[in-house]
Amino acid sequence: MIDSDTRQEVVNTLVYLKSLLDRLLLRGLSSVDESELQLLEQAQILFSSQDATYLADCLKQLSEAIHQQSDAAIACLKLQTALFLFERLFTQQVCLADIVESDEEQGLGVDI
Amino acid sequence: MQLIRADSSQGKALAIALTQTSTAIERLLKTGMSTSSDHTVAQFGESFSHISSLGVTRLGSNLRLLTQEIQRYVKQDDAFSARRLSFFLNRSWLMCQGLQEAMQQQNEALWQSLNLTPSTDTLDDLEVITLGVSKKLIANVFAAFEFRLRVLDQQHALAGKTLIFSLVFSLASKGKEATVHPEAFLDFSQPQNYYPRFLLSHSIRFSHAKISHETEHRARLTLTPDSTVTALHPIAHQDGLSTLARENPETVRAQLKNYCPSPFDLEIDLQSEILLEAWEMGDTRHDPAFEDRYVIDIRSAGTDYIALVSSYTEGEALLLALTALKKSASRPPLFALMHYELGQRVLQPLSVLEENGPRHLMLGQDKTDYKTLLKKLR
């Protein structure tokens, strides 16, 4: 099960990435700076370590597309979708784990 | 809607429209919004009209909302939201890709999922009670009220299910028209000759209303010109409000456990109405991630929640009500919507169930200046 520090790091990274993509839409993808690219790479490492391989791959594709100045828009839209799906599954997993913990505390022992 | 054949004239026209729309979205992302203009608004407006005329109404509806958001940006309207724009751009692009794939592969299941229209019934009579109301306000655009209803007849097929009835009022000011406070619309007579405020104080009989089944647990009630809305008796706690509002925890668990997200979902699609009978709340704080909302920690029966309150006008009444409840020695049961977001259970508090019935927390006082309004209308 995911520990609380990693859980918070994942949440913070998701919030940051969503906000970055919203801002990039206003500014245009050619405006990505070096520090933002570094953060994309850090996020890729974090999600790889959590076995979120599709999301990590989408982050890699966006970084490469921005470097090569090709198809960055498609990579960005794919990343947005991957982020949404990951957030949904991550939230489902975390909230189901909470129920199991709560049931164990109450001695219900429900197998979820 | 029937799956369109890719080699038919309609299919060819749709394929061209989908490609053009996708390309326009990608171009917008590449260059950024600073390059958008009235021409961009017109271009997306044409896509909306053309795709809707081909019968692809779900994508059409997304494109209409996308066009509105681009227009807000171009007009430098305060109601513009980068988050909303980003959402509709992504959904529209994704639907364009999915519809093209469904047509090329003649994938009926994918096509239907992208053109989903819920099944609809017409009911003769339905007696309900309102347990809570949510309010959505976009300044100078619209005010929307969503009534959360419960069917009174416990043998009815809709008993215990989430039943939603929405009213949307335009706030667009025209010429000299004075601003009408959103809550004032609840006192305006509706085409079916009823006043929405009665939905807050009385049990209601809807006749000849339409019911669309959005999910297994959620249905939406809509009115037609032939529908009637009749106020029955004043709501009181003896109507068994707590029993009607209390969720089945097994159903809530099963919904979470069986949830299979789709890229076309909203966070709030996985949603339950819940009743917190004994609850504690923390202090109000700004949400560090989203500047447009406050967060309040709520704990009930060993479970942690966060309540979200808009920091805009929309959230004023709720913030006041929750601040008063925080100071109160005893708190009545809280009826709220719960959804799941960023690993948390998120609450939208709607009402507290008191002796005289639900007190609706999101509704404020009608602050319309009627004297000025009447002068301006003369």
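How many residues does the contact take from chain A, and how many from chain B?

## Where the chains meet

In this predicted model, the contact draws on 34 residues of chain A and 29 residues of chain B. On the chain A side, the elements that each supply two or more residues are α1 (4–27) and α4 (72–106). Helix α4(A) makes the largest contribution, with 21 residues of the side that touches chain B.

If you like to think in terms of chemistry, the side of chain A that touches chain B sorts into 21 nonpolar, 7 polar and 6 charged residues.

## How chain A is built

Let's turn to chain A itself. Its secondary structure consists of 4 helices and 0 strands, so to read from the N terminus is to meet the order α-α-α-α.

Chain A has 112 residues, and 33% of them are buried. Take the contacts within chain A whose partners are at least 6 apart in sequence: 47% of these link residues at least 24 apart.

## How far to trust it

Here is the confidence picture for chain A. Its mean pLDDT is 87, with 88% of the residues at 70 or more. In chain A, helix α2 (residues 34–49) has the highest confidence, with a mean of 95, while α4(A) has the lowest, with a mean of 87.

Please take some care with residues 107–112 of chain A, where pLDDT remains under 50. The model gives this stretch 9 contacts beyond four places in sequence. Predicted coordinates should not be read in detail where pLDDT is low.

Conventions. Residues are numbered from 1 along each chain as its sequence is written. Chains are lettered from A and ligands numbered from 1 in the order in which they are written. This is a predicted model: local features need pLDDT of at least 70, side-chain atom pairs count only at pLDDT 80 or more; totals for chains, interfaces and linings use all residues. Two residues are in contact if their C-beta atoms, placed from the backbone, lie within 7 Å. Ala, Val, Leu, Ile, Met, Phe, Trp, Tyr, Cys and Pro count as nonpolar, Asp, Glu, Lys and Arg as charged, and the others, Gly among them, as polar. A residue is buried if 20 or more other C-beta atoms lie within 10 Å of its own, exposed if 12 or fewer, and partly exposed in between; C-beta atoms are placed from the backbone. pLDDT is the predictor's confidence in each residue, from 0 to 100.
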